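Reader: I am new to this structure and should like to understand the terms applied to it. Kindly take me through the reasoning behind them.

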Amino acid sequence: MSRRELYQGYFLLLFLFSCIFFPPLIEAFPYQAGWPKTISADVHQSVVVADLDNDGFNEIIFTAWQPFSVYVYKYTGQIYNRFWPKIFSRNSGSAPTVADLDGDSDLEIIVGSDYIYAWHHDGKTVFGFPTPATSSTGYAAPPAVGDLTGDGIPEITAGNADCEFYVWDNHGNVLNGFPKTYSYPAKGSCSVIFTPAIGDIDLDGINEVIVPVDNYHVYAYNADGSIVSGNWDFLPDYGNISSDITLGDVDNDGILEVLFIARPLQGGYYPEILNHDTSSVAGWPPLNIINKSPGGLVMGDLDNDGKLEVVTGNQFTNDPAAVYVWEGESGQIKNGWPVVLSLNDNFMRNMILGDVNGDGNVDIIGASSYGWNDGRIYAWDVSGNLLSGFPIVITGIGPWSSTCFITDIDNDGDVEIGVGVTNTYTTSKILIWDLPYPYKGRRMPWPQDRHDPMHTNNYHWYDPLPQVPELGLSGLLCLIVLLSLGIAKGRRQETGDRRQEAGDRR
C-alpha cells in the first residue's frame, strides 16, 4: 500500500468517526412526500396516527371545527376514500379515538359530540352508533377505549361538561352502573374536562377506568360502576385535578401508579403520583411548576437505567413556559432540567417521547404555539440539550391545543414527525416532516398524544406489567403443601448427606 493510499484510508476513517460522534448540523428538515395538507377549518386538537386497514402503512386521523369534521388521510397525503371527511352541523366535538371495536383486526374511529359516533375505516357506520350522550355541550376530551370487563372486547369511556361520565359497550349500549353524575362542590365545578386512563390498578387482572373530575376528586371504576377498592373516591391533598390522568409503574414495584397535576386553591400546580392505595409515592409532589400543564405527566426510560422518568411541559402564564424531567421513583429533578423557554412559547398540550435522531436514546419533543400565529417544534436529549435541526419554526400558523407525533408513517424505516396547526381565520394545516434518521420502534415510549390511538394514557398498554396472582384459600393450601414438600426434600437430602459423611469416615 502506498503512502498516499494509507493517508486516504486514515482520512476515510476520520470522516466516518466524525459522522458518528459529531453529526452534521441540520438547518431544516424536508416535508414528507404529499404533505402538508391545507384544511378549511380549525384543527384545535391532536392528530392520531394508526394503521386503520392493517396494510403496514399509517393513516392520519383528526377532527376540525367550524364545521365539526372528521378527516382520514393516507400516508401519501390523499384522502382515504370518498366517504371522508364526515361533516357535522355543530361546531365542536372531541379529537378522534381509534380502536378495534369488533375484533376483525381493522380499526374503527370514535368521536364524541352530543352523540358518540363510530365508523369503520371505510366510512361505514358501526352497528349501534351514533348513540345519544344526553349532553347539551358536547365532549371536553376524546373517548378512552379499553377492555373493562375482561372478555377481550373493548368498552368506550368518556365524560362531558355536563358533569357526567359514561361507559358504553362496542354496540353503543350504556353499561349498567353508568352514567355517573357529579354535583357541584362549594368551589369549582363538576365537569369531566380531562381524559381518563385505562389500566389494572388493583391487580385483579381486569382493567379499570380512572377519571379526573373538576370537583376535586379522582375516581376509579370497575365495569359494573362500583368504586375500585383502595379509597378510589379520592380527594387529593394538593387540590383540584388540572390535567389528564396517566398510568405507569414509576417506582418499579410491579403495580401501576396514577399520575396527574393538582391545583390547590391557594395557587400553583403540583405534579402528583399515587400508589394503588391512593397514598403518595415518596418524593411526590416534588415542586410547584407554577403554570398550567393540561396534558399532564408522560413517562419513559430516558437514560436506559430500566426506570421511568416523568416529563411535563407547561404554558406561559405567570412565568415562562418550561419543560421538566424527574426521576419517577424519587421525584428528583434530572440534571439539565427544567429547560425554560422564551416568553412567547406555550405548550398547550404536552410532550411526546421517542428517539428522534436514531441514536438509540429517547428524546423529549414538544409542539409550542409561539405568540398568536406561529409555532415551534422542540426536541431535547435527556440532558436538556437541543437537538440538531430543532426547533422547527412554523410561521403564520401554529398548534393550539394539540401536540405532535412521531412515527414511521410510510414504513420506509426512517422517522417522521408531524403536527396539526391552525390560525385565527379557519385555515389549518397538517404538517409532516421526513427526518433522515432510522426509526426505532422500541425507543418510542410515548409517541403521540394520550400515548396511543385508543387514548388509554397508559405507558404499559402494549407491554403490560406481569399480573401478580392473589392467593385464595386453595392457593394458600397449595403453597403450604409445596413448602412442606420442599422442606421434606431438604431434610431427606440433609439425612443422605450425613449418611454419606458417616460412610466416608468408616
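Author: Please note that this is a predicted model. Both Cys163 and Cys190 are buried.

Reader: Why are Cys163 and Cys190 said to form a disulfide?

Author: The sulfur atoms of Cys163 and Cys190 are 1.9 Å apart. A disulfide requires two cysteine sulfur atoms within 2.5 Å, so the pair qualifies. The structure holds one disulfide.

Reader: What makes this disulfide right-handed?

Author: The torsion about the S-S bond of Cys163 and Cys190 is about 75°, and the disulfide is therefore right-handed. Cys163 sits in the loop between strand 11 (155-159) and strand 12 (164-168), while Cys190 belongs to the loop between strand 13 (180-181) and strand 14 (197-199), so the pair ties together parts 27 residues apart in sequence.

Reader: Why is Cys404 counted as buried, and is Arg82 buried or exposed?

Author: Cys404 has 3% relative accessibility and therefore counts as buried, the cut-off being under 20%. Arg82 has 73% relative accessibility, so this residue counts as exposed, the cut-off there being over 50%. Arg82 lies in the loop between strand 4 (69-73) and strand 5 (86-87).

Reader: How do you know that Asp106 has no salt bridge?

Author: The nearest side chain of opposite charge, Lys124, is 10 Å away from Asp106. A salt bridge needs a side-chain nitrogen of Lys or Arg within 4 Å of a carboxyl oxygen, so Asp106 has none. Asp106 is nevertheless buried, and is found in the loop between strand 6 (97-99) and strand 7 (108-112). Leaving aside neighbours within four places in sequence, Asp106 is in contact with Leu52, Asp53, Asp100 and His121.

Notes: Residues are numbered from 1 along each chain as its sequence is written. This is a predicted model: local features need pLDDT of at least 70, side-chain atom pairs count only at pLDDT 80 or more; totals for chains, interfaces and linings use all residues. Side-chain values use heavy atoms; hydrogens and water are left out. Helices (H or I, at least four residues) and strands (E, at least two) are DSSP runs, numbered from the N terminus. Buried means under 20% relative accessible area, exposed over 50%, partly exposed in between (1.4 Å probe, protein chains only). Lys and Arg count as positive and Asp and Glu as negative; His and the chain ends are not counted. Contact means heavy atoms within 4.5 Å.
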